[in-house]
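Biologist: Show me the model, please. I will ask how you know each thing.

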Amino acid sequence: MHKFKVLVANDTIAQIAHDLLKAECEVIVCKAERSSILAHIAGVDALFWSSLLKLDKEILDRAGPQLQVVVTMSAGYDHIDIEEIKRRGIKFGNFPSVLNDALADLGVLLALAASRRITEGLLAVGKSCFCPTDGNRPLGVDISGSTVGIVGLGGIGQNIVQRLKSFKVARFLYTGHTEKPEGKAIGAEFVPMEILLRESDFVIACIPLTKETEKMFNAEVFSKMKKTAVFVNISRGDVVNQPDLINALKDNMIFAAGLDVTTPEPLPPNHELMTLPNCVITPHIGSATVKTRRYMAEMTAKNILHALKGEPMITPVL
Ligand SMILES: O=C(O)C(=O)CO
């Protein structure tokens, strides 16, 4: 009987995904590195793809015309040449909601860490040079009683609102293309971007990276935020004009930033962003919990198997 060939472009995924795929297919596993993928991809029927690895025409050409399905183990798919996939009639899927909880947790963590200037605090602890009552260190911004503005109220943004309710936030604002019934249900007010920027103490970016959102957080946007505002980005580095953010942080146009994503990733050593005491950076760990990554791997494998058998994918994009 013909066995489908699947390339898993990541050698660190959970065992359950291997077990599922191996039960029905021939599985080739390689490192999440372009050269390794190009060396192993010819003739495969399906691709189990990784977040952030570029998937372009060269990869698709090398795979060959028999390629039927690509599934990325990520919510975002800005790393995929979606037009090229569509043109070739390849089925494509992602995982939009399984990581909502883990990402919302990280959004809250970064909002709190940046608002309490944790980077500076940890530096002082590391140097054993602090006095708890030192009035010279900047005081933090309170989240209780604050206004939190969510840019992009999808599943992650909604989960952040739900979590922050227990922190006694006074007002939740959100902006996006249209008002959402879910917004009303969780008590968030739909407002134009200008108002969100002017009135929010915390601005949290939860939008996908698209042509429209690329570099949308720029000097003009930072200048409209409060000087005491905390900016959080758990989306993609490229939704921010990074030199403008650096200036905004250096010139105290805003109070602090918490970033899980940057451009590039990782940042080179001594990058200016990493030298700023009012910036907290985590290494793109939004979905990096055991439960979430295991579930993402399992669902990616299941999506591939559905597509190969001609059944509807669980979470199709194309
Ligand atoms: O799944 C994604 O798109 C992520 O970037 C998770 O952090």
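Modeller: Start with β6 (residues 147–151) and β9 (residues 202–205), which pair in the parallel sense. The model is predicted: local features need pLDDT of at least 70, side-chain atom pairs need 80 or more, and totals for chains, interfaces and linings use all residues. Numbering runs from 1 along each chain as its sequence is written, and side-chain values use heavy atoms, without hydrogens or water.

Biologist: What makes β6 and β9 a pair?

Modeller: Pairing takes at least two DSSP bridges. β6 and β9 have four bridges, so they qualify as a pair. In one of them, Val 148 is matched with Phe 202 of β9. The strand and helix names are DSSP runs, numbered from the N terminus: E over at least two residues for strands, H or I over at least four for helices.

Biologist: Which sheet holds this pair, and in what order do the strands run?

Modeller: An open sheet of seven strands, ordered β8-β7-β6-β9-β10-β11-β12, with parallel pairing.

Biologist: Why are β8 and β12 called edges?

Modeller: β8 (188–190) and β12 (279–281) each have a single partner strand, so one side of each has no neighbour in the sheet. From one strand to the next, the twist averages 20 degrees.

Biologist: How do you know that α7 lies across this sheet?

Modeller: By contact, meaning heavy atoms within 4.5 Å. Helix α7 (residues 155–164) lies across β6, β7 (171–175) and β9. Its direction is about 165 degrees to β6. Angles run from 0 to 180 degrees between N-to-C directions, with axes fitted to C-alpha atoms, for helices over the stretch in contact. Helix α11 (residues 242–250) touches β10 (230–233), β11 (256–259) and β12, at about 140 degrees to β11.

Biologist: What makes the other sheet an open one, and which strands does it hold?

Modeller: Five strands, β2-β1-β3-β4-β5, pair in parallel. Its edge strands, β2 (25–29) and β5 (91–93), each pair on one side only. Neighbours are turned by 15 degrees on average, direction ignored. β1 (residues 4–8) and β2 share five bridges. One joins Leu 7 to Ile 28 in β2.

Biologist: Which strands does α12 lie across?

Modeller: Helix α12 (residues 290–308) lies across β1, β2, β3, β4 (69–73) and β5, at about 170 degrees to β4. Helix α1 (residues 15–22) lies across β1, β2 and β3 (46–50), at about 140 degrees to β2.

Biologist: Which residues are around the ligand?

Modeller: Ser 74, Ala 75, Gly 76, Leu 99, Leu 103, Arg 236, His 284, Gly 286 and Ser 287. Each has a heavy atom within 4 Å of the ligand, so each counts as near.

Biologist: What makes the Ala 75 approach a polar contact?

Modeller: A polar contact is a pair of N or O atoms within 3.5 Å. A backbone N or O atom of Ala 75 lies 2.8 Å from a ligand oxygen, so the pair qualifies. Polar side-chain atoms of Arg 236 and His 284 each lie 2.7 Å from a ligand oxygen. On its own the ligand has 230 Å² of accessible area, and the protein covers 94% of it. That area is Shrake-Rupley, with a 1.4 Å probe.

Biologist: How many shell residues fall in each class?

Modeller: Three are nonpolar, five polar and one charged. Arg counts as charged, Ala and Leu as nonpolar, and Gly as polar.

Biologist: What is the peptide bond before Pro 264?

Modeller: Cis: omega is about -5 degrees between Thr 263 and Pro 264. Pro 264 sits in the loop between β11 and β12. Glu 265 and Pro 266 are also joined by a cis bond, with omega about -10 degrees. Pro 266 lies in the loop between β11 and β12.

Biologist: What stands out about the phi of Lys 168?

Modeller: It is positive, about 60 degrees, although Lys 168 is not a glycine. Lys 168 is in the loop between α7 and β7.

Note on methods. Polar contact = N/O pair within 3.5 Å; in protein donor to acceptor, adjacent residues only side chain to side chain.
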